[in-house]
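Subject: Structure handover and notes

Dear colleague,

I am passing on the structure we spoke about, and my notes on it follow directly below the entry. Please read them alongside the coordinates.

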Amino acid sequence: MKKRMKIAALLLTGAMTLSLTGCGVKANEVFSVDDMEGKTIGVQLGTTGDTYVTDDYEGDDAGTKIERYKKGADAVQSLKQGKIDCVVIDSEPAEAFVADNKDLKILDTEYADEDYAIAISKNNTELKEKINVALAELKEEGVLDQIVANYSGDTQGTCPYESPADVDRSNGKLVMATNAAFKPYEYYENGEIVGLDAEMAQAIADKLGMELEIVDMDFDAIINAVQSGKADIGVAGMTVTEERLQSIDFTDTYAKSKQVIIVRAK
């Protein structure tokens, strides 16, 4: 009799666990920024989210843990599996992840605002000045707005940038380092790197009379590639921060974004 009662109790406990956690994945416990303390936070290695979360939580008294991933998609997968409690990442890729994963959601509360710019070597001031002039022209002509519109909202895919037919590319090659896992800024489509950053860089290369070459690499390798001369510019939804300015320079801002928090929907 006692044995049957013990088995029944274990079955009841298991049923309660399943109902509370959804087949082993614990329910969401992060509903605002205030709930992140003491939790396990996922970030993409070397990104602004990594920097902000490290500054805010690493070594705190609440025992907050930070899990760093090579790709944002890996962090999202760990969140779905219940290995972490939330992911801090840029808003645009966050929206793409949530659109593909109905069991996730973005909190209404923003984590931080940020400005995107093109990373460039401190020794390459001439190229920086040329790119800033090109960016100013693209903004004035409405081309940059067109490129942004092509990757956002209801206008997505309706107004792609096309290089002028008579572009002179006699000024050499412009090598762009990126991390093509950051939709809608840079990602693969039909084996080709596309996205907002790719189109913008192409428009800049057209202005400079150069041929654009895009090189895919880990996000945390981009700055070193630009510093070493392996790449001329780094374009990957990269935020201007004081820490990065110690080792690299940036052009004028070309877009604004924000860091958001992804959590499980249930």
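Among the contacts in this protein between residues at least 6 apart in sequence, 75% join residues at least 24 apart. Please keep in mind throughout that this is a predicted model. The secondary structure comes to nine helices and 13 strands, and the C-alpha trace spans about 90 × 40 × 30 Å along its principal axes. Of the 266 residues, 45% count as buried.

The nonpolar core

The largest nonpolar core has 32 residues, and those that touch the most other members are I118, I131, M200, I204, I233 and Y254. Two or more residues of this core come from each of α5 (125-140), α6 (143-149), β7 (173-178) and α7 (196-208), with α7 giving the most, namely seven residues. If you would like one residue from which to start looking around, I131 may serve, since leaving out residues up to four places away in sequence it touches I118, I120, I204, L208, I233 and T251.

Two of the helices just named also meet each other: the axes of α5 and α7 come within 9 Å and cross at roughly 110°. Because angles of 65 to 115 degrees count as roughly perpendicular, α5 is described as roughly perpendicular to α7. On the α5 side the contact is made by L127, K130, I131, A134, L135, E137 and L138, and on the α7 side by M200, A203, I204, K207 and L208. Sorted by class, this contact of α5 with α7 has nine nonpolar residues, three charged ones and no polar ones.

The strand β7 is mostly covered, with five of its six residues buried. It pairs in the parallel sense with strand β10 (residues 211-216) over six bridges, and there T178 stands opposite D216. β7 also pairs in the parallel sense with strand β11 (residues 233-234), in this case over two bridges, where the bridge partner of A177 is G234.

β1 and α2

The strand β1 (40-44) is mostly covered as well, five of its five residues being buried. In a regular strand the side chains alternate between the two faces of the sheet. In β1 both faces are covered, with T40, G42 and Q44 buried on one side and I41 and V43 buried on the other. β1 pairs with β2 in the parallel sense over five bridges, and Q44 stands opposite Y69 of β2.

Helix α2 (residues 48-57) is likewise mostly covered, with seven of its 10 residues buried, and these are T48, G49, D50, T51, V53, T54 and Y57. What covers them includes β1, β2 (65-69), β3 (86-90), β5 (112-116), α9 (242-245) and β13 (255-264). Just after α2, G59 takes a positive phi of about 75°.

Loop residues to look at

Three loop positions seem worth opening in your viewer.

The first topic is D85, which lies in the loop between α3 (72-80) and β3. Is D85 buried or exposed? Its relative accessibility is 5%, and because buried means under 20% relative accessible area, D85 counts as buried. Leaving aside neighbours within four places in sequence, D85 is in contact with K26, N28, V30, K39, T40, L79, V263 and R264. The C-alpha atoms of D85 and E189, which are 104 residues apart along the chain, are separated by 31 Å.

The next topic is P184, whose place is in the loop between β7 and β8 (187-189). A cis peptide bond joins K183 and P184, with omega at about 10°, and you may wish to inspect that peptide directly.

The last topic is N190, found in the loop between β8 and β9 (192-194). N190 has a positive phi of about 55° although it is not a glycine. Because exposed means over 50% relative accessible area, N190 at 80% is exposed.

With best regards

Conventions. Residues numbered from 1 in each chain as written. Predicted model: local features only at pLDDT ≥ 70, side-chain atom pairs only at ≥ 80, totals over all residues. Heavy atoms only, no water. Core = buried A, V, L, I, M, F, W, Y, C linked by side-chain atoms within 4.5 Å. Buried < 20%, exposed > 50% of the residue type's maximum accessible area, 1.4 Å probe, protein only. Helix = DSSP H or I, 4+ residues; strand = E, 2+ residues; numbered from the N terminus. Contact = heavy atoms within 4.5 Å. Pairing = 2+ DSSP bridges. Axes fitted to C-alpha atoms, helices over the stretch in contact; angles between N-to-C directions. Parallel < 35°, antiparallel > 145°, perpendicular 65-115°, else oblique. Nonpolar A, V, L, I, M, F, W, Y, C, P; charged D, E, K, R; others polar.
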